[in-house]
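Hi everyone, and thanks for coming along. I'd like to walk you through a structure that may be new to you, so please have a look at it while I talk.

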Amino acid sequence: MITVTTQTRLMNLVARYATAEHGFSIYERSFLIAVAGRANHTHTGNDAWRCWPSIEQLCRDSCMGKTKIHETISLLAGKQVLEYEQGKKGVSNKYKVNVEAFGKIVGQQFRYGKVSCPSKGIDDFDEPLPF
């Protein structure tokens, strides 16, 4: 079981496992990295690990156009790897990487754990990754 406790750890897991070998396109990988990089791990409750970037910001972060962003959101939501809640007019959408579903697809067990502040360096891994 790999526990995600920092934003950096979430980004590292997505970058390492969202590969073609596991059935992810480069667009899905880029989008998940963009969302992971904006995930707010300091919130508690229902907003923990969520982010609220605009479509334009996601375009900049992932190097994709709006049409491809919308297609990728649909694909990832269909795989249940992305929790997506469309905002009302003038309110940003909510996004969250579903690490449990992501883990099932890539043959690993991931979960969100108690949030910690990085103190061990850039990776902040408590247990080694299985590779």
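**How the helices cross**

Let's start with a pair of helices: α2 passes α3 in a right-handed crossing. Before I go on, please keep in mind that this is a predicted model.

Helix α2 covers residues 26-38 and helix α3 covers residues 55-62, and their axes come within 9 Å of each other. The crossing angle is roughly 115°, which makes α2 roughly perpendicular to α3. Who makes the contact? From α2 you have Ser30, Phe31, Ala34, Val35 and Arg38, and from α3 they meet Gln57, Leu58, Asp61 and Ser62. If you sort those residues by type, you get 4 nonpolar, 3 polar and 2 charged.

Now compare that with α1 and α2. Here the axes come within 8 Å and cross at roughly 175°, and α1 and α2 are therefore roughly antiparallel to each other. On the α1 side, the contact uses Gln7, Leu10, Met11, Val14 and Ala15. On the α2 side, you can pick out Arg29, Leu32, Ile33, Ala36, Gly37 and Arg38. That contact divides into 7 nonpolar, 2 polar and 2 charged residues. There is a handy general point to remember while looking at such lists: an α-helix has 3.6 residues a turn, so residues three or four places apart point the same way.

Let me step back for the overall picture. The chain has 5 helices and 4 strands, and from the N terminus the order is β-α-α-α-α-β-β-α-β. Of the 131 residues in the chain, 40% are buried. Among contacts with a separation of 6 or more, 61% are between residues 24 or more positions apart.

Next, helix α5, residues 99-106. Which of its residues are buried? They are Val99, Ala101, Phe102, Gly103 and Val106. The cover over those buried residues includes the helices α1 and α2 and the strands β1, β3 and β4. Both ends of this helix are worth a look. At the N-terminal end, Asn98 acts as a cap, with a side-chain oxygen 3.2 Å from the backbone nitrogen of Glu100. After the helix comes Gly107, which has a positive phi near 75°.

Speaking of positive phi, two residues other than glycine have it as well. Trp49 has a phi near 70°, and Cys63 has one near 60°. You'll find Trp49 in the loop between α2 and α3, while Cys63 is in the loop between α3 and α4. Buried or exposed? Trp49 is buried, at a relative accessible area of 4%, whereas Cys63 is exposed, at 74%.

Trp49 leads us to Tyr95, since Trp49 is among the residues that Tyr95 touches. Tyr95 sits in strand β3 and has a relative accessible area of 0%, so it counts as buried. Leaving out residues up to four places away in sequence, its neighbours include Phe31 and Val35, along with Leu58. You have met those names already: Phe31 and Val35 are on the α2 side of the contact with α3, and Leu58 is on the α3 side. Other residues touching Tyr95 include Cys51, Pro53, Ile73 and Leu82. The side chain of Tyr95 also makes a polar contact of 3.1 Å with the side chain of Asn93. And the C-alpha atoms of Tyr95 and Trp52 are separated by 6.4 Å, although these residues are 43 apart along the chain.

Another pairing across the sequence involves Thr3, in strand β1. How far apart are Thr3 and Gly113? In sequence they are 110 residues apart, and in space 5.5 Å, C-alpha to C-alpha. Thr3 counts as buried, with 12% relative accessibility, and its side chain makes a polar contact of 3.3 Å with the side chain of Arg111.

My last stop is Glu28, back in helix α2. Glu28 is a charged residue, and with a relative accessible area of 4% Glu28 is buried. What does its side chain pair with? A polar contact of 3.1 Å joins it to the side chain of Lys79. Besides Lys79, Glu28 touches Gly23, Thr72, Leu75 and Leu76, leaving aside residues up to four places away in sequence.

That's my tour, and I'm happy to take questions.

Technical notes
Residues are numbered from 1 along each chain as its sequence is written. This is a predicted model: local features need pLDDT of at least 70, side-chain atom pairs count only at pLDDT 80 or more; totals for chains, interfaces and linings use all residues. Side-chain values use heavy atoms; hydrogens and water are left out. Axes are lines fitted to C-alpha atoms, for helices over the stretch in contact, and angles run from 0 to 180 degrees between N-to-C directions. Angles under 35 degrees count as roughly parallel, over 145 as roughly antiparallel, 65 to 115 as roughly perpendicular and the rest as oblique. A crossing is left-handed if the near helix is turned anticlockwise from the far one by less than a right angle, and right-handed if clockwise. Contact means heavy atoms within 4.5 Å. Buried means under 20% relative accessible area, exposed over 50%, partly exposed in between (1.4 Å probe, protein chains only). A polar contact is a pair of N or O atoms within 3.5 Å; within protein, one must be able to donate a hydrogen and the other to accept it, and residues adjacent in sequence count only if both atoms are side-chain atoms.
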